[in-house]
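User: I am new to this structure and would be grateful for a close look at a single part of it. Please then set that part in the context of the whole chain.

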Amino acid sequence: MKTAQDVLAFAKDKDVKMVDLKFIDLPGIWQHFTVPLAELDENAFVEGFGFDGSSIRGFRVINESDMVLIPDPETVVIDPFNKVTTMSLICNVFDPVTGERYNRDPRGIAQKAEEYLKTTGIADESFWGPEAEFFVFDDIRFDQNQHSGYYYVDSIEGTWNTGRDEGPNLGYKPRYKEGYFPVPPTDSMQDLRNEMVMTMLEAGLPIECQHHEVATAGQAEIDIKYGPLTRMADQLMMFKYIVKNVAYRNNRTATFMPKPLFQDNGTGMHVHQSLWKDGRPIFFDSDGYAKLSGTALYYIGGLLKHAQALTALTSPTTNSYKRLVPGYEAPVNLVYSQRNRSAAVRIPMYSSNPKTKRIEFRPPDPSCNPYLAFAAMLLAGIDGIKNKIHPGAPLDKDIFELPPEEAREIRSVPASLDQALKALENDYEFLLQGGVFDKDLIDTWIEYKTTREVDAIRLRPHPYEFMLYYDI
């Protein structure tokens with residue numbers, strides 16, 4: 001457990017000049033400001049640093065704007081992208097009037113979820129392993145105004161560029177849906193991903209592997225070793241920060257947008273999760289289906305029961321639902337199965353070691369706020385365990401190839417963000433357990449996503465509508 005004194009000693013040892021204070025807004029983007037090292041003393045870890053909460057998305061109104069950031073000593077690291085030696089600290093958000101944690105601080109919600117798990121007696125720790133995919137492009141242009149709207153994405157790896165005069169064009173561009181695991185030169189981004197991994201390791205992120213993903217045009221995946229809920233959300237934010245900045249300093253651009261390319265695989269974030277008690281994994285049973293315990297099955301039951309509401313937090317953009325469609329390895333079917341990637345819940349079968357027994361929830365994507373998404377999934381699983389919600393029989397078939405009469409019997413994820421938000425509006429009580437979420441935050445989330453995203457898209461003509469309707 002690091003203390004304020006440890007952080008100050010670290011700063012002296014590393015000859016730190018500046019301190020960067022990072023925190024997350026409600027939609028899930030890191031915010032920051034920077035102070036000279038002299039401004040950081042032991043008192044700063046108690047009284048914190050003031051900021052204007054009314055300027056942060058999803059936070060305060062202007063007449064209640066004063067808020068305070070208190071750094072978490074456990075998160076100290078040297079920021080890898082500053083010319084001046086800069087120490088980074090992730091902060092918690094507090095109300096300066098009440099002295100209490102701000103109810104809309106996503107990191108605070110993650111911490112409350114971990115605390116609530118302990119009070120249930122079910123487990124004392126949860127472990128999380130998100131597989132965050134992303135694209136690296138060479139060019140991105142987009143604009144939207146009253147009389148025009150477009151986007152243009154390009155990549156030297158894009159299969160659409162096999163005929164382009166590149167002086168010379170050397171080929172080796174992955175075909176649509178054929179980008180999984182090719183060696184260089186077809187995989188042109190091996191060195192770039194290695195640079196990302198090395199930067200992550202220097203920043204304290206435990207990395208397991210990196211590889212090219214299925215889509216053409218530079219889709220990639222780098223896997224972080226599993227860890228506790230809040231720490232993993234912290235690490236995922238640093239992960240995204242490093243991916244974007246390493247791409248940027250190589251004159252490329254990285255995006256975690258779920259579906260940037262038409263008719264190729266989108267970007268998901270399959271989330272591995274497990275519960276432990278007294279140092280023992282409680283999802284394992286050598287006699288159970290896929291070696292799962294009854295507790296694990298009930299956890300799955302909770303995830304599947306609340307999955308449609310969960311997607312409002314785990315797949316929280318209008319673009320998310322262009323990924324969650326059949327035919328692109330997208331997990332739209334609310335069933336569970338061992339080894340089966342067409343199911344919303346997959347049970348990995350790589351190892352018989354009890355410590356590796358986990359479940360994988362596949363609908364999420366990396367556009368989510370990880371603090372909210374992980375907390376919501378944990379609460380759904382706890383609800384399943386407490387109420388003994390059995391998920392029914394597994395479906396060990398390729399669900400994409402089921403006959404229509406069988407496929408119609410399977411529940412699916414919502415088809416749009418609007419539908420997901422309506423599902424959350426009708427099914428949120430499980431999130432209120434233990435006071436982790438509150439109604440104010442849920443209402444704020446639904447209102448924010450509806451007015452700023454759903455309605456914003458709904459009100460604008462789409463370029464393809466001109467293809468369909470201009471000659472009517």
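Analyst: Leu 334 belongs to strand 16, which runs over residues 333-338. This is a predicted model, and every value given here is computed from it. With a relative accessible area of 7%, Leu 334 is buried, because the cut-off for that class is under 20%. Beyond its neighbours within four places in sequence, Leu 334 is in contact with Leu 304, Ala 307, Gln 308 and Ala 344. Its contacts also include a run of residues further along the chain, namely Ile 410, Arg 411, Ser 412 and Val 413. A further pairing concerns Pro 391: this residue is 57 positions from Leu 334 in sequence, while the C-alpha atoms of the two are 9.7 Å apart in space.

The chain as a whole gives the setting for this strand. Its secondary structure amounts to 13 helices and 18 strands. The radius of gyration is 23 Å, close to the 23 Å that the globule rule gives for 472 residues, so the chain is as compact as a globular protein of that length. The C-alpha trace spans about 65 × 60 × 50 Å along its principal axes. Of the 472 residues, 53% count as buried, and Leu 334 is one of the buried residues. Among contacts with a separation of 6 or more, 69% are between residues 24 or more positions apart.

The surface and the charges may be described next. The accessible surface comes to about 21900 Å², and carbon and sulfur atoms contribute 51% of that area. There are 50 positive and 67 negative side chains, and the centres of these two sets lie 3 Å apart.

One charged residue offers a second view of a buried site. Arg 107 is found in helix 3, residues 106-120, and is buried, at a relative accessible area of 3%. Leaving out residues up to four places away in sequence, Arg 107 touches several residues, including Asp 72, Asp 234, Tyr 371 and Cys 91. Cys 91 is itself buried, at 1% relative accessibility.

The cysteines form no disulfides: a search of the whole structure finds zero. Cys 209 is an example, for the nearest cysteine sulfur, that of Cys 368, is 19 Å away. A disulfide requires two cysteine sulfur atoms within 2.5 Å, so a pair must meet that limit to be counted. Cys 209 is partly exposed, with a relative accessible area of 33%.

Some backbone features deserve mention as well. The loop between strand 9 (149-154) and helix 4 (190-202) holds Pro 168, and the peptide bond leading from Gly 167 to Pro 168 is cis, with omega near 0 degrees. Pro 185 is also placed in the loop between strand 9 and helix 4; a cis peptide bond with omega of about 10 degrees joins Pro 184 to Pro 185. Lys 177 is found in that loop too. Although not a glycine, Lys 177 has a positive phi of about 65 degrees, and this residue is partly exposed, at 38% relative accessible area. Asp 15, in the loop between helix 1 (4-13) and strand 1 (18-24), is likewise not a glycine and has a positive phi of about 55 degrees. Its relative accessible area is 47%, so Asp 15 is partly exposed.

Methods
Residues are numbered from 1 along each chain as its sequence is written. This is a predicted model: local features need pLDDT of at least 70, side-chain atom pairs count only at pLDDT 80 or more; totals for chains, interfaces and linings use all residues. Side-chain values use heavy atoms; hydrogens and water are left out. Buried means under 20% relative accessible area, exposed over 50%, partly exposed in between (1.4 Å probe, protein chains only). Helices (H or I, at least four residues) and strands (E, at least two) are DSSP runs, numbered from the N terminus. The radius of gyration is taken over C-alpha atoms; the globule rule is 2.2 Å times the number of residues to the power 0.38. Contact means heavy atoms within 4.5 Å. Accessible areas come from the Shrake-Rupley method with a 1.4 Å probe; for residues, only the protein chains shown count as cover. Lys and Arg count as positive and Asp and Glu as negative; His and the chain ends are not counted. The place of a charge is taken as NZ of Lys, CZ of Arg, CG of Asp or CD of Glu.
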